[in-house]
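Trainee: I would like to go through this model and ask how each label is justified.
Mentor: Go ahead; we will set each value against its cut-off.

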Amino acid sequence: MISINKVDQLYGGTQILWGLDLEIVPGSITCIMGRNGVGKTTLLKAIMGLLPIKSGEITMEGETLNKQSAEKRAYSGIGYVPQGRDIFPMLTVEENLRIGLPVRSKRTKDSPKDIPEKIFELFPVLKDMLHRRGGDLSGGQQQQLAIGRALVLEPKVLILDEPNEGIQPNIVKQIGDVILKLNAEEGLTVILVEQKLGFARRVGKEFRLMEKGRIVAADKMENLNDSLIKQYLAV
Amino acid sequence: MDIVLQQLVNGLTLGSVYGLIAIGYTMVYGIIGMINFAHGDVYMVSAYITAIAIALLTFFGIESFPIILIGTLFLTVAVTGAYGWVIERIAYRPLRNSSRLAVLISAIGMSLILQNYVQLSQGANQQGVPTLLTGAMRIEVGDGFVQITYMKLLILFISLLGMGVLTYVIQKTKLGRMCRATQQDRKMASILGIDTDKVISTVFVIGAMMAALAGVLVTLDYGAFDFYVGFIIGIKAFTAAVLGGIGSLPGAMLGGLILGLSEALFAGLISSDYKDVFSFSLLVLILVFRPSGLLGKPEVEKV
């Protein structure tokens with residue numbers, strides 16, 4: 001689905017990603033894990049076109065993304081929920097959700113005017129908050145809005161960067177349920193950067209461990225054993 | 001009493017013109033964080049286009065004032081809007097990822113280019129348009145009277161209409177939503193499929209169009225203009241934008257009105273020689289107590 005071949009990335013003068021290879025299997029839920037500062041967020045930003053890469057190739061279903069702008073990548077079917085959520089604080093919940101409608105109308109046969117009802121079925125709280133400003137929502141509600149907003153694009157791949165950071169446990173569980181439901185029912189491919197082992201084990205099907213800007217281990221989630229955890233995750 | 005009322009009316013019209021031009025400063029600042037120092041000169045260009053449009057329409061034998069007015073407004077707003085688009089395209093977009101200082105210098109350069117281009121192509125002498133709308137209404141107030149020319153009424157009406165339409169577009173339409181989203185978080189807007197370069201171009205066009213409205217109205221009212229008229233009115237409108245809180249659209253309109261009113265009242269009641277001193281002192285005073293302007297929000301440090 002998404003293939004990353006020998007990607008080098010520099011931030012300022014510092015090299016963050018070193019010849020990174022990564023293959024995302026269609027229909028999987030892949031957890032990218034690793035300690036702080038190994039380049040997980042940089043990798044996601046490179047996939048989204050928010051950071052330029054120095055060399056290597058990023059492709060989505062065979063199409064090279066390297067030179068494409070971030071907005072073109074939205075049209076090719078990548079939805080992104082950044083770390084810190086990045087809700088438009090002065091836009092209402094409804095307006096936040098409507099931003100993605102032009103992309104949606106290109107990708108589906110839905111009416112380009114209406115926010116899909118599916119979003120409110122997954123996150124009922126958004127319907128109650130429709131006319132509140134994004135900035136007035138709690139952290140958990142903002143996270144649900146950020147995921148809903150990405151789903152409006154009708155993506156084939158949903159990329160989430162630490163969706164559970166600073167969020168109360170019942171919403172963490174709800175977000176996990178939504179990811180599993182979308183994956184099971186619609187075959188949505190999910191890439192998840194996650195620090196919490198419990199959540200990663202519950203939701204993830206595959207894992208990729210990162211260290212120093214490289215992928216150092218890749219396997220099914222059930223094979224994530226204690227020695228790998230000790231070597232690459234424990235602090 | 002009558003003089004106060006008279007100056008209130010004058011101040012209101014002057015202020016609405018400042019407000020129209022301030023919109024261009026505030027929207028551009030809001031979306032890319034730069035002060036477009038060429039904006040006053042865009043206003044100046046629109047004064048020349050007004051004269052050309054009037055000449056063209058009368059050349060084709062049109063004499064009815066409403067048709068000349070509508071035709072001039074339409075032509076001037078369209079052509080000035082195109083100027084706004086071209087200026088952003090050649091002077092600012094190539095520097096999108098450079099330092100803010102580079103863009104600022106580019107803006108100052110653009111300002112000089114526009115002044116010299118107009119001076120060379122239209123001549124250095126003062127130009128003028130004939131008075132097309134005459135007459136005034138008088139309202140008796142006690143012993144005296146307040147006189148409002150029809151032209152002043154027209155300025156007030158069209159400015160407020162322009163601001164109203166713009167507010168509607170920004171608050172209620174898809175285009176406005178895209179502008180606000182890009183202003184709040186450009187990266188996130190592009191991730192959701194918004195072509196942010198196009199949105200930024202649109203903002204420049206809108207700013208130039210609003211300045212063009214002011215250009216047509218002031219030129220029709222005042223008659224005379226030269227290639228340098230953009231400077232002082234640009235500085236005033238910039239002041240209005242800062243006063244109201246730069247980046248805030250209602251702030252620009254409010255700032256314009258406050259600046260126009262205070263200037264007119266001070267000139268009428270105390271001294272017209274010191275009116276600029278007064279309005280800039282007012283700016284300093286307001287900024288001391290509200291550093292981000294009347295309706296501006298304190299700068300949030302972006303991570």
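Trainee: Which residue in E3(B) stands opposite Glu140(B)?
Mentor: Phe145(B) does. Keep in mind that this is a predicted model.

Trainee: What makes E2 (residues 136–141) and E3 (residues 144–149) of chain B a pair of strands?
Mentor: Two strands pair if there are at least two bridges between them. E2(B) and E3(B) have six bridges, in the antiparallel sense, so they count as paired. Two residues lie between the strands of this hairpin, and Gly142(B) takes a positive phi near 55° there.

Trainee: Why is Leu137(A) called buried?
Mentor: The cut-off for buried is 20 or more other C-beta atoms within 10 Å. Leu137(A) has 21, and is therefore buried.

Trainee: Where is Leu137(A) found, and which residues is Leu137(A) in contact with, leaving aside neighbours within four places in sequence?
Mentor: Leu137(A) is in the loop between helix H6 (124–128) and helix H7 (139–152) of chain A. With those neighbours left aside, the contacts are Met129(A), Arg132(A), Gln142(A) and Leu145(A). Leu126(A) is eleven residues away along the chain, and its C-alpha atom is separated from that of Leu137(A) by 9.8 Å.

Trainee: Why are H3(B) and H8(B) called oblique to each other?
Mentor: Helix H3 (residues 65–92) and helix H8 (residues 196–222) of chain B pack at about 140°, with axes 7 Å apart. Roughly antiparallel requires an angle over 145 degrees, and roughly perpendicular covers 65 to 115. The angle here fits neither class, so the helices are oblique. Residues making the contact include Thr72(B), Gly81(B) and Trp85(B) of H3(B), and Phe204(B), Ala208(B) and Gly215(B) of H8(B). The crossing of H3(B) and H8(B) is right-handed.

Trainee: What makes E2 and E5 of chain A edge strands?
Mentor: They belong to an open sheet of four strands, in the order E2-E1-E4-E5 (chain A), with antiparallel pairing. Strand E2 (14–24) and strand E5 (63–64) of chain A each have a single partner strand, so one side of each has no neighbour in the sheet.

Trainee: How do you know that E4(A) and E5(A) pair?
Mentor: Strand E4 (residues 55–60) of chain A and E5(A) share two bridges in the antiparallel sense. The requirement is at least two, so the pair qualifies. Met60(A) has Glu63(A) in E5(A) as its bridge partner.

Trainee: How are the strands ordered in the open sheet of six strands in chain A?
Mentor: The order is E6-E7-E8-E3-E9-E10, with mixed pairing. Strands E6 (78–81) and E10 (214–220) of chain A are the edges, as each pairs on one side only. The twist averages 15° from one strand to the next. Within the sheet, E7 (residues 157–161) and E8 (residues 189–193) of chain A pair in the parallel sense over five bridges, with Leu158(A) opposite Val190(A).

Trainee: Which strands does H7(A) touch?
Mentor: H7(A) touches E6 and E7 of chain A, and its direction makes about 170° with that of E6(A). Angles over 145 degrees count as roughly antiparallel, so H7(A) and E6(A) are roughly antiparallel.

Trainee: What does UniProt list for residues 2–235 of chain A?
Mentor: The unreviewed entry lists "domain: ABC transporter". In the model, that span is 36% helix and 26% strand.

Terms used. Residues are numbered from 1 along each chain as its sequence is written. Chains are lettered from A and ligands numbered from 1 in the order in which they are written. This is a predicted model: local features need pLDDT of at least 70, side-chain atom pairs count only at pLDDT 80 or more; totals for chains, interfaces and linings use all residues. UniProt positions are given in the numbering used here, feature names are shortened, and annotations may be inferred rather than shown by experiment. A residue is buried if 20 or more other C-beta atoms lie within 10 Å of its own, exposed if 12 or fewer, and partly exposed in between; C-beta atoms are placed from the backbone. Two residues are in contact if their C-beta atoms, placed from the backbone, lie within 7 Å. Axes are lines fitted to C-alpha atoms, for helices over the stretch in contact, and angles run from 0 to 180 degrees between N-to-C directions. Angles under 35 degrees count as roughly parallel, over 145 as roughly antiparallel, 65 to 115 as roughly perpendicular and the rest as oblique. A crossing is left-handed if the near helix is turned anticlockwise from the far one by less than a right angle, and right-handed if clockwise.
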